[in-house]
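Work through the exercises below with the sequence and the structure in view. Try each task before reading its solution.

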Amino acid sequence: MKRRKLDLAQVPANIGKGVDDRFQAATPLRGLLNKVFPDHWSFLLGEIALFSFVVLLLSGVFLTLFFDPSMREVAYDGPYTALRGTEMSAAYASSLHLSFEVRGGLFMRQMHHWAALLFMASIVIHMARVFFTGAFRKPREANWTIGVILFLLGFFAGFTGYSLPDDGLSGTGLRIASAIMLSIPVIGTWLSAAVFGGEYPGELIIGRFYIAHVLLIPGGLLALIAAHLGIVFKQKHTQWPGPMRTNDNVVGERMFPRYALKQGGFFMAVFGTIALMAGLFQINPIWLFGPYRAAEVSSASQPDWYVMFMDGLVRLMPAWQIDIPIGDGYVIPPLFWPAVVGLGALFTLPMLYPSMEARRLKDHKSHHILQRPRDAPERTGVGAMAFTFFMVATISGANDVIADKFHISLNAMTWAGRIGLILLPPLAYYISVRICLGLQQHDREVLAHGVETGIIRRLPNGKFEEVHQPLGPVDDHGHPLPLDYAGWVVPKKMNRLGALAPAVKGFFFPVEKPVEAPVSPAVPPVSGPGTREEITSGR
Amino acid sequence: MTVTHGGSHGTSTGTEPVDVNDPKLSRFDIVREGARRDDIEIVTYESQFDGQNSKAEKRIVRNIALLFLVSGLFALAFVVAFIVWPWRAELGRSMGDYFTPVLGITLGLSLFLLGIAILAWAKKLLPHEVSIQDRHNQPSSDDDRLITGQTMVYMVDELGVQRRPLLKGAIALGLAPLGVAAAAPLIGGLIENPHKGDEPMMYHTGFDPVSNNGQLVRLTRQDGSPVRPDDVSVGGQITVFPGIPHGATNEHADSPTLLVHLRADDAERTRSAAEGDEVNKGGMWGNYVAYSKICTHAGCPASLYEQQTNRLLCPCHQSQFLITDNARPIFGPASRRLPMLPLEVDEEGFFVARSDFREAVGPDFWERP
């Protein structure tokens with residue numbers, strides 16, 4: 001039998017045929033390769049969270065190879081002399097071992113911690129982007145809810161991870177967590193006893209937190225992140241308004257090659273940034289805190305930043321204890337309100353917001369075009385209110401540090417927080433609504449009269465007036481015809497229209513070179529409401 | 001031509017379908033036809049450069065190549081540093097102190113520059129593109145909704161639960177216990193009765209004579225040595241633990257206590273306040289008083305003692321307790337005073353606890369009387 005000569009050029013085609021014979025991949029793959037994504041920098045915030053999560057998984061697996069989730073008491077005999085001979089849990093000893101005696105262990109630990117902080121930060125900023133642009137509206141309410149749950153899971157992932165090293169700080173955090181469980185009416189003591197396996201701290205909690213931290217919570221996160229991305233993929237991403245863009249299309253780039261390549265580059269840049277932070281900025285130096293002892297705590301005991309708002313709320317809560325004089329008497333401790341009710345409300349209210357807004361506006365249509373924050377002043381005001389509340393609570397979570405550094409009375413800081421928590425959010429609502437209305441007004445003025453040129457003209461009758469550059473056609477008298485607002489950026493400066501020379505940028509650039517009007521396929525300049533006819537009629 | 005969007009398949013791009021087997025077609029023509037079949041119109045697709053091999057393009061290609069190479073260099077530096085850099089922690093300043101920063105800089109820059117190189121490739125070299133894809137966000141057709149709905153109702157109908165009420169009851173009665181059975185091991189295994197036993201966890205500390213064979217428990221330091229009255233100077237305070245095995249460990253996390261030696265005038269005020277209180281009556285010994293160190297708010301050690309004002313401050317949430325008035329909370333979120341440990345001195349001259357704390361120690365909870 002004659003052996004057929006192998007034609008190398010045909011190999012990829014043959015493999016392709018073989019795969020398609022078996023999996024019928026060609027048709028769906030074509031759709032995948034062609035899928036169009038709208039592009040804007042603000043759509044990349046969620047990606048940072050995704051990429052941080054990948055870094056968390058990678059570095060976390062490394063850490064599990066060395067960590068011993070046991071509360072067995074051991075005497076430390078490692079190279080860190082300050083703690084040599086100290087009794088401590090095996091969990092803490094193995095964390096020290098990981099930091100001092102594993103090559104690159106400290107680097108990986110810090111990478112894990114920084115990635116976690118970045119994960120939570122990018123989730124919050126991504127949520128803010130989605131909120132302020134109205135991207136949560138129908139049909140995306142479910143994905144918004146999943147996002148809120150992801151934040152909640154991230155919160156618990158962070159807290160359990162923070163507790164694992166069993167150092168002085170994390171033990172204090174655990175103690176407060178047990179107190180929060182105890183504060184729940186009726187079931188408090190039973191809940192705490194169930195979680196800790198008896199009296200606090202017991203000998204089980206690190207092992208239980210460990211399995212929650214490395215299996216249960218990451219499993220939930222993975223499943224929900226997959227659902228989150230799957231829904232984005234199915235529903236297609238929202239887009240900003242602009243020429244050609246309608247509620248029924250997606251204008252952007254096909255996924256391959258350019259869009260996917262950009263994502264890959266962005267992942268590497270995020271990964272690199274985390275690695276730089278992990279190497280250069282110390283985080284959670286557990287060896288300084290010593291092993292956890294119930295009798296010891298240092299001042300300036302702050303949790304990670306995303307827990308600080310809760311700590312702040314707990315600090316600001318007045319000592320209002322509710323006594324229920326039935327039988328021997330029952331108590332609802334003041335801790336219950338900020339830590340259990342407050343935390344619950346902070347997670348349920350955002351989940352309910354999409355339906356609340358839809359009901360109020362009687363808006364049950366699907367929206368795929370984003371709104372600028374100024375075009376929904378009330379929503380922006382509510383967001384500013386929530387953000388202010390969060391900020392006052394977070395700052396109050398460090399009020400002892402602020403009091404110490406700025407020589408302010410601690411009690412004054414607490415009172416300022418209490419008053420600020422009530423007064424500042426409504427103020428933020430009012431101010432941001434007024435700013436939104438002002439910005440809207442200015443947009444309309446520019447569309448009606450043109451851009452302010454800064455050129456002042458004196459009329460024969462002695463009157464001074466500013467010359468305006470119309471953005472569109474003018475009538476017979478030279479007055480601009482009013483333009484409709486298209487929901488997108490209105491150019492407000494002459495150099496946005498390509499008129500003026502740029503400021504001197506640097507030695508190597510010619511001063512005279514005129515700036516180009518910003519043109520990019522993702523953000524085309526606005527030229528009135530774009531219609532499909534205009535774009536395609538020229539071909 | 002005018003085009004209505006969201007219209008039927010095939011016409012929305014405004015181009016006629018082409019035969020992809022036509023040998024005259026370029027590869028891009030085939031790609032464009034593929035996009036058309038996915039209801040995508042490639043509106044613009046243009047190179048960023050004038051013609052092939054323009055000077056600008058060459059410059060950018062050189063820069064990107066440089067980025068890749070430098071990224072590789074840093075990666076190499078990372079591996080070399082990982083292997084040869086002295087990394088063990090030593091006493092005093094040493095090269096080992098810089099191991100982690102060196103790893104961070106080399107790996108970080110390597111990854112970051114690689115990212116920049118890829119981004120530059122995508123943004124500077126690849127053609128700019130604007131494509132429009134139909135969103136296909138119409139709901140399913142009315143027919144399909146009807147069919148699916150009817151199918152589901154049909155499935156329920158076929159089971160006949162509606163017509164067979166006996167089954168309905170039997171399912172509820174049969175499955176509910178099974179559901180409980182599934183949850184029972186998990187919940188049952190975790191449940192611990194917090195109020196059971198001779199030493200109920202909420203009302204018992206290491207100072208209870210029960211855990212010391214009925215003998216009064218000494219106040220000891222962290223190392224287990226007992227405390228004499230002379231050991232605490234006037235105005236001073238120390239943390240004491242129950243003098244039982246493991247008394248100073250986290251096994252007895254509720255037991256740490258603050259023993260304060262008050263100045264005479266403060267002691268007088270403290271005593272008169274304590275004597276006026278039913279629970280704390282007679283709890284002091286001379287000018288000494290002992291309070292639980294575990295904050296009644298969230299359980300942190302309330303350990304910052306302000307000698308001048310006789311306040312105890314909890315560093316976690318800034319609750320403040322007034323020692324001279326039965327450790328009553330005077331600021332912050334704590335609503336309950338710190339329990340007092342009744343003191344005595346035994347025949348050998350060491351402090352002992354006359355009994356356990358007379359109030360529940362630690363964070364507040366629902367069923368505290």
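## Exercise 1: Two helices that cross

In this predicted model, H5(A) and H10(A) pack with their axes 8 Å apart and at an angle of about 125°. Classify the orientation of H5(A) and H10(A), then describe their contact.

Solution.
- Step 1. Angles over 145 degrees count as roughly antiparallel, and 65 to 115 as roughly perpendicular. The angle of about 125° fits neither range, so H5(A) and H10(A) are oblique to each other.
- Step 2. The crossing of these two helices, H5(A) and H10(A), is right-handed.
- Step 3. From H5(A), the residues in the contact are A:Phe107, A:Gln110, A:Met111, A:Trp114, A:Ala115 and A:Leu118. They meet A:Ile274, A:Ala275, A:Met277, A:Ala278 and A:Gly279 in H10(A).
- Step 4. Sorted by class, the contact of H5(A) with H10(A) has 9 nonpolar and 2 polar residues, and no charged ones.

## Exercise 2: A second helix pair

Helix H14 (residues 377–396) and helix H16 (residues 410–449) of chain A pack with their axes 8 Å apart, at an angle of about 150°. Find the orientation of H14(A) and H16(A) and sort the contact residues by class.

Solution.
- Step 1. The angle of about 150° lies over the limit of 145 degrees, so H14(A) is roughly antiparallel to H16(A).
- Step 2. H14(A) passes H16(A) in a right-handed crossing.
- Step 3. Residues of H14(A) in the contact include A:Val382, A:Met385, A:Phe389 and A:Val392. On the side of H16(A) they include A:Leu421, A:Leu424, A:Tyr429 and A:Val433.
- Step 4. The residues of this contact of H14(A) with H16(A) divide into 16 nonpolar, 7 polar and 1 charged.

## Exercise 3: Where the chains touch

How many residues does each chain bring to the contact, and which element of chain A gives the most?

Solution.
- Step 1. Chain A brings 91 residues and chain B brings 80 residues.
- Step 2. On the side of chain A, helix H10 (residues 255–280) gives the most, with 17 residues.
- Step 3. By class, the side of chain A that touches chain B has 45 nonpolar, 29 polar and 17 charged residues.
- Step 4. Strands also pair across the chains: strand E4 (residues 249–254) of chain A and strand E2 (residues 128–134) of chain B are antiparallel over 4 bridges. A:Val250 stands opposite B:Gln133 in E2(B).

## Exercise 4: A sheet in chain B

Which strands stand at the edges of the open sheet E6-E5-E4-E3-E12-E11 of chain B?

Solution.
- Step 1. The sheet has 6 strands, and the pairing is antiparallel.
- Step 2. Strand E6 (288–292) and strand E11 (343–345) of chain B each have a single partner strand, so one side of each is without a neighbour in the sheet, and these two stand at the edges.
- Step 3. From one strand to the next, the twist averages 40°.
- Step 4. Within chain B, strand E3 (residues 217–220) and strand E4 (residues 237–242) run antiparallel and are joined by 2 bridges. B:Leu219 stands opposite B:Pro242 in E4(B).

## Exercise 5: Backbone details

Where are the cis peptide bonds before A:Pro201 and A:Pro257?

Solution.
- Step 1. The bond from A:Tyr200 to A:Pro201 is cis, with omega near -10°. A:Pro201 is in the loop between helix H8 (188–196) and helix H9 (205–235) of chain A.
- Step 2. A:Phe256 and A:Pro257 are joined by a cis peptide bond with omega about 0°. A:Pro257 is found in helix H10 of chain A.

Methods
Residues numbered from 1 in each chain as written. Chains lettered and ligands numbered in written order. Predicted model: local features only at pLDDT ≥ 70, side-chain atom pairs only at ≥ 80, totals over all residues. Contact = placed C-beta atoms within 7 Å. Nonpolar A, V, L, I, M, F, W, Y, C, P; charged D, E, K, R; others polar. Pairing = 2+ DSSP bridges. Axes fitted to C-alpha atoms, helices over the stretch in contact; angles between N-to-C directions. Parallel < 35°, antiparallel > 145°, perpendicular 65-115°, else oblique. Left-handed = near helix turned anticlockwise from the far one by under 90°.
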